[in-house]
Amino acid sequence: MFKRTRSLVCLCVAAALSTPVPTQANSLDLPDIGTTASSTLTIAQEIQYGDAYMRMLRSSQPIVNDPVLNEYIDSLGHRLVANASDVKTPFTFFMIRDRNINAFAFFGGYVALHSGLFLHAQSESELASVVAHEIAHVTQRHLARSMEEQARRSPATMAALVGSLLLAIAAPEAGMAAVTAATAGSIQGQINYTRSNEKEADRFGISTLASAGFDVNAMPRFFGRLADEYRYASKPPPMLLTHPLPEDRVTDSRARAQNYPARRVDPSLDYNLARARIVARYAGIDGKAANDWFERTEKKAAPAVKAAFQYGKALVLLDNKQYQPALEILSKLLQQDPNNRFYIDAISDVYLGLDQAQQAESLLSNALKSAPNNAVLTINYANVLLKQDKNEQAIKVLQRYTHDNPNDINGWSLLSEANIGLGISDEDLAARAEILALKANWNKAIQYYTQASQIAELGSLKQARYDARIDQLMVQRDRFLALQ
């Protein structure tokens, strides 16, 4: 699904956003189809595969490690998960920097959103309709069920498919070729089953959307606009290339939405703030183009969300080191909404740019009193401490942060920086080893921990901790390689 190539995830994920849905059923009369596929993969195996794929993605794709955007995406995703049916796995939501309109889900509850999706979705409900659809792919175990269906029709093909998927974990190019060869003889059956998955994901997705308090009409509205915009395009987005959007799907989703009570949903400031941040920093355009977009979009926006476009302009100023005008905008916004973490994050960076680190520290320290251990505030606080060479204090903050957020590369990166500042080589190596492990670079991670153990005092608790972590990483590496 990435750009114009079919990556490992493209071949493994439950397909996103295609095919029509029936018009008669609503959330109360969904068919009891269950979540089969236990004979193919267990939930535990799916989680294991998901973890492996995620580590590979971190090493191969431009994943956005932005604490503010991650918090927004996570909050939106889990609001939907809390209202979904058949949830059997934890969920992880993340964003990939890619202007193409796309989203996908894969084993273990991982849901990826392309940054380009925010540029096309015009409301939070439209974005939520895509996320709800992807959540349904996971809860209904579409990838595992698709594999089971192929096994039922052709055991030989199934064996080849499973083998090639596992091979792809160690050698993606070889695995991709093997998948193509293994499935060439039964492609029509795959397409039909995928369409069945899509119908099911739409049904469950719109039910989740309604239960979570979003506008169910956002789904047909988003799909309809997508279909109209790219109907005659020579190069439609990857989502439409891999998963066509026929007109009857839009019609059927509109009819299904009409089965739910009308609901007026106010425009979301947080969604528009996230969107403005993406335009300013992740859309691949310069500051002038971003400001033009803010000007045009603000004219059509509801009064309740106009602050988001001022925020976007402030980010452009900040990123161009025009700190004083950025401060003027952000100070006004923060005065209106003192606990808004989009604003706090940005203004703390402005203070650093103005060499007013103590002001930033005071702001973040006070904010943490109201929201202790909040990830956005904590990571910003640690960064401000580092900029003031308060490395020991930063390390204490980051040790707790990395314990609570072990999969956040930002925490480990700052922890490495703080230890370098104090000349603590072994802890620097340990922090960098964790980053390598998150990217499935097991051998290098183990090498770094081994070096850290050699530096540490013989027989110390620190050395014992490093050695224990080496053992853990070796087990994880072996499990990962066993997937071949």
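Which residues form one aromatic cluster together with Tyr49 and Tyr53? Before selecting anything, keep in mind that the structure on screen is a predicted model. Then select Tyr49, Tyr53, Phe94, Phe104, Phe106, Phe107 and Tyr110, and you have the members of that one cluster in view.

**The sheet**

Next, switch to a ribbon view and select residues 92-96, which make up strand E1, and residues 103-106, which make up strand E2. Together with E3 they form an open sheet of 3 strands, whose order is E1-E3-E2 and whose pairing is mixed. E1 and E2 are the edge strands, each of them pairing on one side only. Looking from one strand to the next, you should find a twist that averages 20°.

Now add strand E3, residues 110-114, and follow its pairing with E2, which is antiparallel and runs over 4 bridges. To pick out one position in this pairing, select Ala103 and look across to Leu113, its bridge partner in E3.

**The helices across the sheet**

Select residues 43-60 to bring up helix H2, which lies across E1, E2 and E3 and runs at about 135° to E2. Then select residues 124-139, helix H5, which also lies across E1, E2 and E3, but runs at about 20° to E2.

**Aromatic pairs**

Return to side chains, where a search of the whole structure finds 16 aromatic pairs. Select Phe91 and Phe93, one of these pairs: the ring centres are 5.9 Å apart and the planes meet at 15°, and the pair is therefore stacked, as the planes are under 30 degrees apart. With a relative accessible area of 7%, Phe91 is buried, and Phe93, at 6% relative accessibility, counts as buried too.

Move on to Phe118 and Tyr271, an aromatic pair that is likewise stacked, with 6.1 Å from centre to centre and 15° between the planes. Colouring by helix is useful here, because Phe118 lies in helix H4 (residues 115-120) whereas Tyr271 lies in helix H13 (residues 269-281), so that the pair ties together parts 153 residues apart in sequence. Phe118 and Tyr271 are both buried.

**A charge over a ring**

For the last stop, select Arg79 and Phe214, and turn the view until you look along the face of the Phe214 ring. The charged end of Arg79 sits over this ring, at a distance of 3.8 Å from the ring centre.

Key: Residues are numbered from 1 along each chain as its sequence is written. This is a predicted model: local features need pLDDT of at least 70, side-chain atom pairs count only at pLDDT 80 or more; totals for chains, interfaces and linings use all residues. Side-chain values use heavy atoms; hydrogens and water are left out. Rings of Phe, Tyr and Trp (its six-membered ring) pair if their centres lie within 6.5 Å; planes under 30 degrees apart count as stacked, over 60 as edge-to-face and the rest as tilted. Buried means under 20% relative accessible area, exposed over 50%, partly exposed in between (1.4 Å probe, protein chains only). Helices (H or I, at least four residues) and strands (E, at least two) are DSSP runs, numbered from the N terminus. A charge sits over a ring if NZ of Lys or CZ of Arg is within 6 Å of the ring centre and within 35 degrees of the ring normal. Two strands pair if DSSP finds at least two bridges between them. Axes are lines fitted to C-alpha atoms, for helices over the stretch in contact, and angles run from 0 to 180 degrees between N-to-C directions. Contact means heavy atoms within 4.5 Å.
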